[in-house]
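Here is a friendly walk through one protein model, from the overall fold down to a few single residues. Please keep the sequence and the 3D view at hand as you read.

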Amino acid sequence: MAALPLLNISIPGVLPTPTYQPGTLQLLAMCLLMAAAALSYHLLIGVAGLLSFGHALYFGAGSYGLAIILNNLGLPLLPAMGLTLVVALVLSTLTGMVALRVTGIPFAMVTLAFAQAGSVLVRRNPGGATGGEEGVSPDTAGIPDFLIGVANTRNLYWLSLLTLLVVIVVVTWVQSSRAGHVAAAVRENELRVRVLGLQPYWAKLLIFVVAGVLAAAVGMVFVLLQSGTVPRQVSADFTITLLVMVVLGGVGSKWGAVIGGVLYTLLDQRLSALANSSAVESLPAFLHVPLSEPLFILGTLFVLVVLFMPGGLAGAVRRLRERFTSNPAAKKN
């Protein structure tokens with residue numbers, strides 16, 4: 001993956017240009033960031049069993065927070081990113097302490113309420129800081145030159161890859177930690193965990209806060225890659241998108257979340273190009289109308305995965321591996 005910007009690899013229909021060109025590097029960097037964002041959401045739903053409809057709030061806190069700090073405080077990039085992470089840490093801790101007082105659907109509704117409040121706030125553009133519906137772009141004065149401009153898309157790709165690797169390491173560490181094991185046990189049977197004398201609330205809060213801070217870290221790199229951010233990154237729609245990525249990849253699977261994030265982003269970008277192509281426009285109306293709507297195709301794919309591939313892509317791969325290893329002829333060969 002690190003060598004892709006140095007190679008001339010073409011995959012027609014999947015990548016718009018060879019891998020060394022800025023257009024493809026921008027798309028691949030977005031795939032990596034969405035995989036990292038989906039992995040942060042995996043901590044909530046896949047590890048702790050927390051169905052949150054407000055995870056976009058922390059992604060937006062990272063993207064909007066970094067842009068606002070760069071625009072108003074005049075800090076260099078690294079101190080601005082550090083301050084943004086502190087803000088995300090405080091925000092996720094406070095909202096998590098409130099939301100985790102309830103469970104199940106009430107928890108989902110409380111997180112949705114927090115996200116909606118954040119969405120309303122950025123759309124109202126308080127003090128001209130968030131840009132309203134137009135979004136906000138960060139001041140480039142505090143950003144190093146090697147991260148600015150189309151010519152430096154390769155560096156932004158490497159930064160996105162590094163972000164994904166850091167998120168993978170942190171998620172793996174948290175899952176294997178004592179708190180991660182307690183959160184997984186709470187997901188299966190919270191009452192039994194309480195009977196054992198453990199504190200499920202604090203384990204879930206730790207998972208919630210780590211997931212929020214990771215989402216904010218991904219949001220910071222996102223605003224550098226896109227040279228700005230818009231209100232959708234704080235909306236419940238974006239959280240649902242992350243949920244779809246995790247379900248496509250396989251709930252409970254770390255690598256499933258990564259694959260789901262990459263696959264969904266690729267499909268979302270490339271299906272838009274397909275929908276506007278002359279090949280689709282020349283089709284009969286009964287085919288042209290649905291195929292010209294990328295969300296219709298993505299929705300159909302999601303329904304098919306839920307119906308025929310329980311456990312998502314990771315579950316399908318696992319079942320194929322088990323079937324192959326349980327085949328005596330396969331073992332003999």
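## Overall fold

The protein has 15 helices and 0 strands; helices (H or I, at least four residues) and strands (E, at least two) are DSSP runs, numbered from the N terminus. This is a predicted model, in which local features need pLDDT of at least 70 and side-chain atom pairs count only at pLDDT 80 or more, while totals for chains, interfaces and linings use all residues. Residues are numbered from 1 along each chain as its sequence is written, and side-chain values use heavy atoms, with hydrogens and water left out.

The radius of gyration of the protein is 21 Å, which agrees with the value near 20 Å for a compact globule of 333 residues. That radius is taken over C-alpha atoms, and the globule rule is 2.2 Å times the number of residues to the power 0.38. Along the principal axes, the C-alpha atoms fill a box of roughly 55 × 55 × 40 Å. Of the 333 residues, 46% are buried. Here buried means under 20% relative accessible area, exposed means over 50%, and partly exposed lies in between (1.4 Å probe, protein chains only).

## Salt bridges

The structure holds 4 salt bridges, each defined as a side-chain nitrogen of Lys or Arg within 4 Å of a carboxyl oxygen of Asp or Glu. The table shows some of them.

| Positive partner | Negative partner | N to O distance |
|---|---|---|
| Arginine 187 | Glutamate 188 | 3.0 Å |
| Arginine 194 | Glutamate 190 | 2.9 Å |
| Lysine 204 | Glutamate 190 | 3.7 Å |

Lysine 204 lies in helix 8 and glutamate 190 in helix 7, so this pair ties together parts that are 14 residues apart in sequence. Salt bridges with shared partners join Glu190, Arg194 and Lys204 into one network. Within helix 7 (residues 190–195), arginine 194 and glutamate 190 sit 4 residues apart, about one turn of the helix.

How accessible are these partners? Lysine 204 is buried at 4% relative accessibility. Glutamate 190 is partly exposed at 22%, and arginine 194 is partly exposed at 48%. In the remaining pair of the table, arginine 187 is partly exposed at 36%, whereas glutamate 188 counts as exposed at 59%.

## Two loop residues with positive phi

Most residues other than glycine have a negative phi. Asparagine 125 is not a glycine, yet its phi is positive, about 55°. Asparagine 125 belongs to the loop between helix 4 (104–124) and helix 5 (153–176), and its relative accessible area of 26% makes it partly exposed.

Serine 227 also has a positive phi, of about 60°, although it is not a glycine. Its place is in the loop between helix 8 (200–226) and helix 9 (236–249). With a relative accessible area of 49%, serine 227 is partly exposed.

## A positive patch

Which residues gather in a patch of positive charge on the surface? They are Arg318, Arg319, Arg321 and Arg323. Such patches are made of residues with over 30% relative accessible area and no salt bridge, with like charges joined within 9 Å. Arginine 319 is found in helix 14 (residues 312–325) and counts as partly exposed at 36% relative accessibility.

Definitions and conventions: Patch = residues over 30% accessible without salt bridge, like charges linked within 9 Å, V, L, I, M, F, W, Y side chains within 5 Å. Areas by Shrake-Rupley, 256 points an atom, 1.4 Å probe, with all protein chains shown as cover. Lys, Arg positive; Asp, Glu negative; His and termini not counted. Charge placed at Lys NZ, Arg CZ, Asp CG, Glu CD.
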